[in-house]
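Me: I would like a close look at one part of this model. Please pick out a single helix and follow what surrounds it.

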Amino acid sequence: MYFEEVKKKVSKISKKKDIIILGIETSCDETSIAVVKNGREVMSNIISSQIDIHTRFGGVVPEVASRNHVMAIVNVFESAIREAKIELTDIDAVAVTYGAGLIGALMVGVCFAKSLAYALNIPLIAVNHIRGHMCANFITYKDLTPPFIGLIVSGGHSAIVNVKDYTNYEVLGSTLDDAVGECLDKVARVMGLGYPGGPKIDKLAKEGKANIKFTKDSLKNSFDSSFSGLKTAVINYIHSLTQKKKEIPIKDICASLENEAFLPLIKKSIRACKEKNYSKLCVAGGVSANSFLRENLKKEAEKEGINVYFPELKLCTDNAAMIASMGYYNLLENKGISDINLDAVSSIPL
Ligand code: KG4
Ligand code: ZN
């Protein structure tokens, strides 16, 4: 009943000149809360990372992540409000990641968001984490507008999408198995590079030569991709050298892995732009911080007259500003407006 009343406020709020959204993100190992004005102006974006806690386990331990979100969330919230220099009554709506992610971790953010929206008597907006990543581009490039092709590369997703409008996505292709970030992280772990492996591979690859061929891209003509075969091939290569007591050429493996992981994604996303006749290509997700991908995609796309957009580095990985931004566009289109029954969901379609 209470939320039914609040839902009626949505159209009035969406007509306001300035709309302030508080975003909440707890899908993995970052507890983040942000305040964003009109979808693009970040007033605060507090990120409390648990990376140091999970590093000793070689990856994120879900139960440990949930407990640490519980411990961090109130402080993160208070800092976000303080830094934005607003009163609680200035917040027009609360946007929260409800999926995809670790279920226990998501539940912390969703419960907090529900309580806050209820207490402040304002709308609650459910946000898809992956669509949130795409909005990091709207914050970085104030004039960027859809339509465009989106290349989503994170620890849990790899997809090529037709972003027809802010809330209207068509998935052209996705990974048939592992995500590209997962592949990088697992290989890095086998090489003893620690967690998260992506940034470490990024750094080491710069000093290596891409002189090892691991697999063939059997999905050349599709927008889908696959990274499990590549991951296994690299791990087998490392194990076989270890058995033979030979030196592991870590830097060359990193460079070769980046080549094989990213070149097909670069080709496919440019082909998607040409097929849809778009001149804009936006990259999103944690792996969009990768320097090989940034340099090579830009270079190849420019040859075809396509402009490439990458979020600024601090917005590539998980943060709540991107969630608040997505919440803003959902609010304007009256989508994702939720009530006290909103549940966290570990796996949701794009
Ligand atoms: O988007 P994100 O923060 O979390 C998910 O939603 O999955 O992405 C995390 C992923 C991890 O796999 C991490 O290794 C990768 O992003 N990553 C990178 C880089 N920075 C983060 N991968 C390659 N190069 C980087 N510089
Ligand atoms: Zn993410």
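Reply: What follows is a walk along helix α11 and outward to its surroundings.

The model is predicted. Helix α11 covers residues 291-303. Start with its length. At 1.5 Å a residue, its 13 residues should span 18 Å, and the end C-alpha atoms lie 19 Å apart, so expectation and model agree.

Now the two ends. At the start, Asn290 offers a side-chain oxygen that comes within 3.0 Å of the backbone nitrogen of Phe292. Just past the helix, Gly305 has a positive phi of about 75 degrees.

Next, the buried face. Ser291, Phe292, Leu293, Arg294, Asn296, Leu297 and Ala301 are the buried residues of α11. These residues pack against three strands and two helices: β6 (148-153), β9 (280-284) and β10 (307-309), with α8 (197-205) and α10 (250-276).

The strands belong to an open sheet. Five strands make up this sheet, in the order β8-β7-β6-β9-β10, and the pairing is mixed. Its edges are β8 (168-174) and β10, each of which pairs on one side only. From one strand to the next, the twist averages 25 degrees. Strands in a sheet pair through backbone hydrogen bonds, in a parallel or an antiparallel sense. For β9 and β10 the sense is parallel, over three bridges. Leu281 has Val308 of β10 as its bridge partner.

Helix α10, one of the packing partners of α11, also meets the sheet. It lies across β6, β7 (158-165), β8 and β9. Its direction is about 160 degrees to β6.

That leads to the core. The largest nonpolar core holds 43 residues. Leu151, Phe262, Leu293 and Leu297 have the most contacts inside it. Leu293 and Leu297 are also among the buried residues of α11. At least two residues of this core come from each of β6, α7 (180-190), α8, α9 (228-243), α10, β9 and α11. Helix α10 gives the largest share, eleven residues.

Phe262 deserves its own look. Neighbours within four places in sequence aside, Phe262 touches Val180, Leu184, Val287, Asn290, Phe292 and Leu293. Among these contacts are Phe292 and Leu293, both buried residues of α11. Asn290 is there too, the residue whose side-chain oxygen reaches the backbone nitrogen of Phe292.

A second core lies apart from this one. It has 39 residues, including Val36, Ala95, Val127 and Met326.

Conventions. Residues are numbered from 1 along each chain as its sequence is written. Chains are lettered from A and ligands numbered from 1 in the order in which they are written. This is a predicted model: local features need pLDDT of at least 70, side-chain atom pairs count only at pLDDT 80 or more; totals for chains, interfaces and linings use all residues. Side-chain values use heavy atoms; hydrogens and water are left out. Helices (H or I, at least four residues) and strands (E, at least two) are DSSP runs, numbered from the N terminus. The expected span of a helix is 1.5 Å times one less than its number of residues. Buried means under 20% relative accessible area, exposed over 50%, partly exposed in between (1.4 Å probe, protein chains only). Contact means heavy atoms within 4.5 Å. A polar contact is a pair of N or O atoms within 3.5 Å; within protein, one must be able to donate a hydrogen and the other to accept it, and residues adjacent in sequence count only if both atoms are side-chain atoms. Two strands pair if DSSP finds at least two bridges between them. Axes are lines fitted to C-alpha atoms, for helices over the stretch in contact, and angles run from 0 to 180 degrees between N-to-C directions. A nonpolar core is a set of buried Ala, Val, Leu, Ile, Met, Phe, Trp, Tyr and Cys residues joined through side-chain atoms within 4.5 Å.
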